[in-house]
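The exercises below are meant to be worked with the sequence and the model side by side. Try each task before reading the solution that follows it.

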Amino acid sequence: MSGSLGRAATALLRWGRGVASGGLRGPGVRAAGSGAGGASAERLDALVKKDKVVVFLKGTPEQPQCGFSNAVVQILRLHGVRDYAAYNVLDDPQLRQGVKDYSNWPTIPQVYLNGEFVGGCDILLQMHQNGDLVEELKKLGIRSALLDETEGQDSK
């Protein structure tokens, strides 16, 4: 990771550890376990298209098992994204390898928006930092909570 990207990721991860004890599951987060029922391309295609936001991660949104998965959960939380499907690849080795093959992306976590592969933690963090994530969420009909914060600061 580049210097500023690495510092931002470290700060985000540190922040995330502080709130983790409060629980991360919002009303719409579906920690779907593996749920892949085999990791065929057809099954994975159906999983990523089933929900507007889909994340394959190590662990669950409540208990991410790696820093990168934690960062993705925290970024979504910062934006107020509560309605998404999360699949724990640690529960199913076939799912873990299958999603890597499906996306042609070698690492976990993986984020899909509206059935399209976005990338992993580094890509989502860049999108968060440069404002692209707000725009992509808007296309899905999801208003980023960061817009509400910005408007609140502008009125002060």
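**Exercise 1.** Is Glu116 buried or exposed, and what is its relative accessible area?

*Solution.* Glu116 has a relative accessible area of 56% and is exposed, where buried means under 20%, exposed over 50% and partly exposed in between, computed with a 1.4 Å probe on protein chains only. This is a predicted model, in which local features need a pLDDT of at least 70 and side-chain atom pairs count only at pLDDT 80 or more, whereas totals for chains, interfaces and linings use all residues. Residues are numbered from 1 along each chain as its sequence is written, and side-chain values use heavy atoms, with hydrogens and water left out. Next, place the residue: Glu116 belongs to strand β5, residues 116-119, strands being DSSP runs of E of at least two residues and helices runs of H or I of at least four, both numbered from the N terminus. Finally, look for a distant partner: Val48 lies 68 residues away from Glu116 in sequence, yet their C-alpha atoms are 7.6 Å apart in space.

**Exercise 2.** Describe the chain as a whole, giving how many helices and strands there are and the pattern they follow along the sequence.

*Solution.* Begin with the count, which is seven helices and five strands. Reading along the sequence then gives the pattern α-β-α-β-α-β-α-β-β-α-α-α. For burial, 42% of the 156 residues count as buried. For contacts (heavy atoms within 4.5 Å), take those between residues at least 6 apart in sequence, of which 68% join residues at least 24 apart. A single pair can also be inspected by its C-alpha separation: Arg43 and Gly98 are 55 residues apart along the chain, with 9.8 Å between their C-alpha atoms. Of these two, Arg43 sits in helix α2, residues 41-50, and is partly exposed at 33% relative accessibility.

**Exercise 3.** Determine how α3 and α5 pack against each other, and which residues make the contact.

*Solution.* Two packed helices are described by the angle between their axes and the distance between the axes. For α3 (residues 67-78) and α5 (residues 121-130), the angle is about 30° and the axes are 9 Å apart; axes are lines fitted to C-alpha atoms over the stretch in contact, and angles run from 0 to 180 degrees between N-to-C directions. The two helices are therefore roughly parallel, since angles under 35 degrees count as roughly parallel, over 145 as roughly antiparallel, 65 to 115 as roughly perpendicular and the rest as oblique. The crossing is left-handed, meaning that the near helix is turned anticlockwise from the far one by less than a right angle, clockwise being right-handed. Phe68, Ala71, Val72, Ile75 and Leu78 of α3 meet Cys121, Leu124, Leu125 and His128 of α5. Sorted by class, this contact has eight nonpolar residues, one polar and no charged, with Ala, Val, Leu, Ile, Met, Phe, Trp, Tyr, Cys and Pro taken as nonpolar, Asp, Glu, Lys and Arg as charged, and the others, Gly among them, as polar.

**Exercise 4.** Find which residues of α5 and of α6 are buried, and describe how these two helices pack.

*Solution.* In α5 the buried residues are Cys121, Leu124, Leu125 and Met127. Viewed down the axis of α5, they fall within an arc of 160°, so they line one face of the helix; the arc is that of the directions from the helix axis to the C-beta atoms. In α6 (residues 132-139), Leu133, Val134 and Leu137 are buried, and they cover an arc of only 105°, which puts them on the same side of α6. The α5 and α6 axes are 5 Å apart and meet at an angle of about 95°, which makes α5 roughly perpendicular to α6. Leu124, Met127, His128 and Asn130 of α5 contact Asp132, Leu133 and Glu136 of α6.

**Exercise 5.** Identify where the cis peptide bond lies, and what phi values Asn104 and Asn114 take.

*Solution.* Most residues other than glycine have a negative phi, and most peptide bonds are trans. The bond from Ile108 to Pro109 is cis, with omega near 15°, and Pro109 is in the loop between α4 (93-103) and β4 (110-113). Asn104, in the loop between α4 and β4, has a positive phi of about 60° and is exposed at 69%. Asn114, in the loop between β4 and β5, has a phi near 55° and is exposed at 53%.
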